[in-house]
Amino acid sequence: GVKAQLINTLAEFPNRMLVGLNKRVKEVFDAYELDLATGKLTLVAENPGNITEWGADHAGRIRYAIATDGVEQTYLYRATPSAPFKPVLKTTFRDQFAPQFFTANNQKLYVASNIGRDKVAIVLVDPATGQEERVVYVRDDVDVAGLAWSRARKRASFINYQTWKNERRYLDPDAARLFGTLERRLPGYEVTVQSTTEDETRMIVAATNERTQGTRYLYDRKADRLTKLGETMPWLPEDFVHPTRVELAT
């Protein structure tokens, strides 16, 4: 009779993870730390009834939460696990304030936000005040979609956004080199890294385009070797699908 939600895999701590469980009150999910070796559950944040999202720092501590009344959202913050959550910032349905993750030192918070601007940008904020300190990346034409984090390098890796296709703004030269190599190896396809080993030397890569859901590969970065794992829809060959053609009115 209890449902579970994954809050954070805590990849840096292979023996524990954060999960949401409605074991205390069926209508809401509290945050628990799960010991994967023993199965022990420790309550780390109790849901007062309106929390829809929990956020942890890189040390595995629940530091922020998002509450909603169905129309407006409130960003709440606490500096330590023993401190109470305090409301910091309230947004309407017109606004977006979506925390991505903390900086490597757990002092600042990357957020996808359109507060005070027309487009969603990636900004760096003070998590205790919600105040924007620096714009990391913004575009005039489209919203940015989100930010990727490198666990191996412990830094923000790249920003996703979509124009007529999915694109990236690289923040880490290593990520630029990786995707540059993959795109040269798989010309004509949109390349996405779907999962990686902890040291990011091996990864599952998806190669897709407008004619196919594509193929999945195992990429060994040290050996620079791509191994085909399989096609997503082998019964629909790519050659059977006509390329997308866009004509602009003059």
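## Arg-151 and its partner

Let's start with Arg-151, which is partly exposed in this predicted model, its relative accessible area being 31%. Which residue forms a salt bridge with Arg-151? The partner is Glu-198, and the closest N and O atoms of the two are 3.4 Å apart. This pair joins distant parts of the chain, with 47 residues separating the two in sequence. Arg-151 sits in the loop between strand E13 (144–150) and strand E14 (155–162), while Glu-198 belongs to the loop between strand E16 (190–196) and strand E17 (202–209).

Is Glu-198 buried, partly exposed or exposed? With a relative accessibility of 45%, Glu-198 counts as partly exposed, because that value falls between the 20% cut-off for buried and the 50% cut-off for exposed.

## The hairpin around Glu-198

Now look at the two strands on either side of the Glu-198 loop. E16 and E17 form a hairpin, with 5 residues between them. Glu-200 lies in the turn and has a positive phi of about 60°. The two strands pair in the antiparallel sense over 6 bridges. To find one such contact in the structure, look for Ser-195, whose bridge partner in E17 is Ile-204.

How many of the 8 residues of E17 are buried? The count is 6, so this strand is mostly covered.

## Asp-172 and two arginines

Next, find Asp-172, which lies in the loop between strand E15 (166–170) and helix H1 (173–185). Asp-172 is buried, with a relative accessible area of 1%. Its side chain meets that of Arg-153 in a salt bridge, 2.6 Å from N to O. Arg-153 is in the loop between E13 and E14, so this pair ties together parts that are 19 residues apart in sequence. Unlike buried Asp-172, Arg-153 is partly exposed, at 38% relative accessibility.

Asp-172 also forms a salt bridge with Arg-155, and here the closest N and O atoms are 3.9 Å apart. Arg-155 is in strand E14, 17 residues away from Asp-172 along the chain. Like Arg-153, Arg-155 is partly exposed, with a relative accessible area of 32%.

## A network of charges

These contacts belong to a wider picture. Arg-153, Arg-155, Asp-172, Asp-174, Arg-177 and Arg-221 are linked in a network of salt bridges. How many salt bridges does the structure hold? The total is 20, and the pair of Arg-151 and Glu-198 is one of them.

Notes:
Residues are numbered from 1 along each chain as its sequence is written. This is a predicted model: local features need pLDDT of at least 70, side-chain atom pairs count only at pLDDT 80 or more; totals for chains, interfaces and linings use all residues. Side-chain values use heavy atoms; hydrogens and water are left out. A salt bridge is a side-chain nitrogen of Lys or Arg within 4 Å of a carboxyl oxygen of Asp or Glu. Helices (H or I, at least four residues) and strands (E, at least two) are DSSP runs, numbered from the N terminus. Buried means under 20% relative accessible area, exposed over 50%, partly exposed in between (1.4 Å probe, protein chains only). Two strands pair if DSSP finds at least two bridges between them.
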